[in-house]
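Colleague: I am new to this structure and would like to understand how its labels are earned. Could you take me through some of them?

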Amino acid sequence: MSKVLNNPSKLLKIKGLYGGYNGEAIIRDCNLEIIEREIVVIMGGSGSGKSTFLKHLIGLKKPMDGVVELFGNSLYSGTESERLKLLKKIGVSFQSGALLSSLTVMENVALPLVEHTDLDQETIEFMVRMKLDFVGLLGKENLFPSELSGGMLKRVAVARAIALDPRLTFMDEPSAGLDPTVSAALDQLILKLRDALNMSVLVVTHELDSAFAIADRIVVLDKGTIIFEGTVADIKKSQNQKIKNLIN
């Protein structure tokens, strides 16, 4: 578990969040805070609302009601320019990796730096190599996504997510489709983000082993409502039958 900080900053604050589609609420009255140097895992069964919940946190879907704050600022109440400015301060690693197949590893990881900074090409390439070294892929710069294994694709996605050195990174099902050995190595990378880069990470996953390996806190969604929030030790001793069914 990460070291407890004195008066840690709240990087994400969700209050009274309702969200869904076509006027029908999928997420109902959710409240959550994430502080510095913390790994929070969101779990839940199929249809629990995990993906919808995440979309509201990363700017992809405006809530029906409630507040989402990033770094003390409302994500949805300001102008579009203000919203985009906030979103540049977070990293996102999507379940599929979402890499562009026509671009090399170097070019994929460089995208945020090219789009959102005025750095020259030499500096960008240097920074990309630093990120690839961090995720264990230095030397793979000129490969294309089609030439990478599933685990490598996930690592490239992480390198791109942290290209702008965010304080908070979101990861959607990072271990999905990976064998246990590769998944365990990715868990270690997530811990490294917190411990070496002082980053907070919110991970959406259904992989129980990964959740138990990385989480400082676990949050469980059921039918769009948070029914549990606590440590790994807490969830293992929960007497809630829905929690027992999820982890057994």
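Modeller: Let us begin with E38, which counts as buried because its relative accessibility is 8%, and buried means under 20% relative accessible area, with exposed over 50% and partly exposed in between (1.4 Å probe, protein chains only). This is a predicted model, in which local features need pLDDT of at least 70 and side-chain atom pairs count only at pLDDT 80 or more, while totals for chains, interfaces and linings use all residues. Residues are numbered from 1 along each chain as its sequence is written, and side-chain values use heavy atoms, with hydrogens and water left out.

Colleague: Why is the contact between R217 and E38 called a salt bridge?

Modeller: A salt bridge is a side-chain nitrogen of Lys or Arg within 4 Å of a carboxyl oxygen of Asp or Glu, and the N to O distance between R217 and E38 is 2.7 Å, so the pair qualifies.

Colleague: Is R217 buried or exposed?

Modeller: R217 is buried, because its relative accessible area is 15%.

Colleague: What makes E33 and K10 a salt bridge?

Modeller: Their side chains meet at 3.4 Å, N to O, which is within 4 Å and therefore satisfies the rule.

Colleague: Why is E33 called partly exposed?

Modeller: The relative accessible area of E33 is 28%, which lies between the two cut-offs, so the label follows; K10, with 45%, is partly exposed as well.

Colleague: How many salt bridges does this rule give?

Modeller: The count comes to 11 salt bridges, and R37, R194, D195 and D216 are linked in a network of them.
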